[in-house]
Amino acid sequence: HEAVQKFPEAEVIIWPETALADYLDPEYLSRPRQQQLQYKILSWQKALITGSYSRQFGTNRTYNGMFFFDYRGQLSDSGFRKNQLLAFGERLPFGDTFPWLYDLLPFVSSFSAGPGPQVKKLQTLNQELVVSPQICYESLHPWFARKSVLMGADIIVNVTNDSWFGEHFEPYQHASMTWARAIENRRPLVRSTNTGQSSVIAHTGRVLITSPINQEWSGLANVPIPDRKVTVYMRYGHLDWILILVILLGL
């Protein structure tokens, strides 16, 4: 709430991966905590993107998710469910085939995988944005962002939790590798993390703002939304292997 008061001109608030340890699917929004969140968004009059959990109603299938609330506190689109799950963190290889493996490694989560690259619509007070969502290291797969941006995305949003990697090397490496998705697809990218490094990069490749590591932080960035042009990379993907092959044949 203090951050919202600090930046009254902000249109969209972005919270990191699993910022809310609860389900935000439509079937669960009548619960007290979810109602409290919606009332708070309505009082702010700002759209919210947040990491949270997702659950398929009536089943035990749980997902690592991202949800999109408009400025009135209503879901602006369906939730996004993470597709590229972290082995030994979010899933156990062969765990679906051999469930008893989870008894041997009880610290490993058993998330289900979502359908893959998508776009989500977000209604702010002044405009509608089409978002390419990513959770954590989905940003490290160039094809993942490329596929969703080709669906018509205006902006890429990545929510991440790098807390277990400490303060050195990995948070910065993960951030810089994620920035490449903005440059390849010429779309701005906003990255919100639990412990840093949160950042915003313009579609030109210019870093607009970055956060410190392991400090309470909020920041404001004015993000230009470009025309939905198709870059060479978006059209053809990674064809650099052809160039490498030609060089090797030449040698």
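**Helix α2 and a six-stranded sheet**

In this predicted model, the buried residues of helix α2 pack against α1 (2–6), β1 (12–14), β2 (20–23), β3 (47–55) and β4 (62–69). These buried residues are Gln 34, Leu 37, Gln 38, Ile 41 and Trp 44. They lie on the same side of α2, because they cover an arc of only 125° around the axis. A general rule helps to picture this: an α-helix has 3.6 residues a turn, so residues three or four places apart point the same way. On the other side of α2, the exposed residues are Pro 32, Gln 36, Tyr 39 and Ser 43.

The length of α2 can be checked as well. Its 13 residues (32–44) should span 18 Å at 1.5 Å a residue, and the C-alpha atoms at its ends are indeed 18 Å apart. Just after α2 comes Gln 45, which has a positive phi, near 60°.

Further along the chain, an open sheet is built from six strands in the order β6-β7-β8-β9-β10-β11, with mixed pairing. Its edges are β6 (120–123) and β11 (207–210); each has a single partner strand, so one side of each lacks a neighbour in the sheet. On average, and ignoring direction, neighbouring strands of this sheet are turned by 20° against each other. Strands β6 and β7 (residues 128–135) run antiparallel and are joined by four bridges. Lys 121, for instance, has Val 130 in β7 as its bridge partner.

Two helices pack on this sheet. Helix α4 (residues 142–149) touches β7 and β8 (155–160), and its direction makes about 160° with that of β7. Helix α5 (residues 170–185) touches β7, β8, β9 (189–193), β10 (199–201) and β11, and its direction makes about 160° with that of β9.

Conventions
Residues are numbered from 1 along each chain as its sequence is written. This is a predicted model: local features need pLDDT of at least 70, side-chain atom pairs count only at pLDDT 80 or more; totals for chains, interfaces and linings use all residues. Side-chain values use heavy atoms; hydrogens and water are left out. The expected span of a helix is 1.5 Å times one less than its number of residues. Buried means under 20% relative accessible area, exposed over 50%, partly exposed in between (1.4 Å probe, protein chains only). The arc is that of the directions from the helix axis to the C-beta atoms. Contact means heavy atoms within 4.5 Å. Two strands pair if DSSP finds at least two bridges between them. Axes are lines fitted to C-alpha atoms, for helices over the stretch in contact, and angles run from 0 to 180 degrees between N-to-C directions.
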